[in-house]
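Visitor: I'd like a close look at a single part of this model. Could you walk me through it once we have it on screen?

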Amino acid sequence: MPFHPLDPPAAAEGDINFSLRRQAWAGAQVNPETQALLDRDTQVFLRQSVSTPCLSVIRRAEGIWIEDMQGRRYLDFHANNVHHIGYGHPRLVAAITQQLQELPFAPRRFTCEPAIALAEKLAQITPGTLGKVLFAPSGSDGIEIALAYMRAATGRFKTLSFWDAYHGAGFGARSIGGEQLFRGGSIGPLLPGAEHVPPFGDYRNAWGVRTGSGELCANQIRYVLEQEGDIGAVIAEPSRATPSIAPPGFWQKIRQACDEFGALLIFDEIPTGLGKTGKMFACEHDQVVPDILVIGKNLGGGILPIAATICKPELDVCEHYAHGHYTHEKNPGVAE
Ligand SMILES: Cc1ncc(COP(=O)(O)O)c(C=O)c1O
């Protein structure tokens, strides 16, 4: 069938047909016990798209499997990208249990050896000189920290990111995100200066091409950086989790353009970091080092809610402000 750039996707999460199909599936699959829990869930949680009402109820998550209340087991390839090492890995459960017994929490203004060791480990495994760390309780918060440091370090507030991207649920993250589902409704206005370009991806793209979208996209980013002249950062997933892999050399071109026009490069590797793409970080496929790298999800091994914003040392410019002053900032965590 001929392709047209405005062809709608078959069914997107969040659109009404998708919700109706989910409901129809659930109606045929769930027994009264599961339905009773789903009803309680809907009663007590705020309803929101792609979440509540939920699809089903699980009672176990182990390795790559989840098991629902009716004993059906599913191979979970999605897992919100937290289970690089599988759900409930026994070594991790043992390490966390031991840590909880020894030191469950570190209040702010104190540090602790496990938090230091984890930050040191991240500095060691991240590429280039990346190595100054702030921990946050979610990837969304990690992105907010990155935006704050961008503003402080560059004196610029504008950002350039992709339509169709997701970077989290804070106002900063929603502004740089490009999905209507998270930007729309009655929550506006979003942050000023959050500019977007269409993303690369030869399957479906704004240019209606079947090959070469990477080059078109890179040229467009360069053009906007040059035209605006005061963009603080390009922010993107180096390998888009939903799902497109950048063509070889793409990020080299963007790195070069950022350097030329004084913009930082911020990579959101919240889903892909820590080995998901075959290298420790997806940016290593193109040998590009960002100025700021944000990771999360699997950093907590699918158990602890923890993310990290990892910056180049020259971005350590906010010593008199507090941009990541979270209750769990120096959470002992586990440096396994
Ligand atoms: C690419 C990307 N960035 C940011 C986030 C936000 O992370 P969190 O849900 O931990 O706030 C997600 C979560 O799905 C994500 O996939």
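How many bridges join strand β2 to β3, and do they run parallel or antiparallel?

Guide: Happy to take you through it, and please keep in mind that this is a predicted model. Strand β2, residues 65-68, is joined to β3 by three bridges, and the two strands run antiparallel. To place one of these residues, start at Trp65, whose bridge partner in β3 is Leu75.

Now widen the view to the sheet around this pair. The sheet is open and has three strands in the order β1-β2-β3, paired in antiparallel fashion. Its edges are taken by β1 (58-62) and β3 (73-75); each has a single partner strand, so one side of each is left without a neighbour in the sheet. On average, and ignoring direction, neighbouring strands in this sheet are turned by 25° against each other. As general background, strands of a sheet pair through backbone hydrogen bonds, and the pairing can be parallel or antiparallel.

It also helps to set this beside the rest of the chain. The domain assignment gives domain 1 as 16-77 and domain 2 as 104-315. Taken over C-alpha atoms, the centres of domain 1 and domain 2 are separated by 31 Å.

For a helical counterpart, look at α8 (residues 213-228) and α9 (residues 250-260), which pack at an angle of about 5° with their axes 10 Å apart. That angle makes α8 roughly parallel to α9. The contact is made by Gly214, Ala218, Ile221, Arg222 and Leu225 of α8, together with Phe250, Lys253, Ile254 and Ala257 of α9. By class, this contact of α8 with α9 has six nonpolar residues, one polar and two charged.

Key:
Residues numbered from 1 in each chain as written. Predicted model: local features only at pLDDT ≥ 70, side-chain atom pairs only at ≥ 80, totals over all residues. Pairing = 2+ DSSP bridges. Helix = DSSP H or I, 4+ residues; strand = E, 2+ residues; numbered from the N terminus. Axes fitted to C-alpha atoms, helices over the stretch in contact; angles between N-to-C directions. Domains from an automatic or database assignment. Parallel < 35°, antiparallel > 145°, perpendicular 65-115°, else oblique. Contact = placed C-beta atoms within 7 Å. Nonpolar A, V, L, I, M, F, W, Y, C, P; charged D, E, K, R; others polar.
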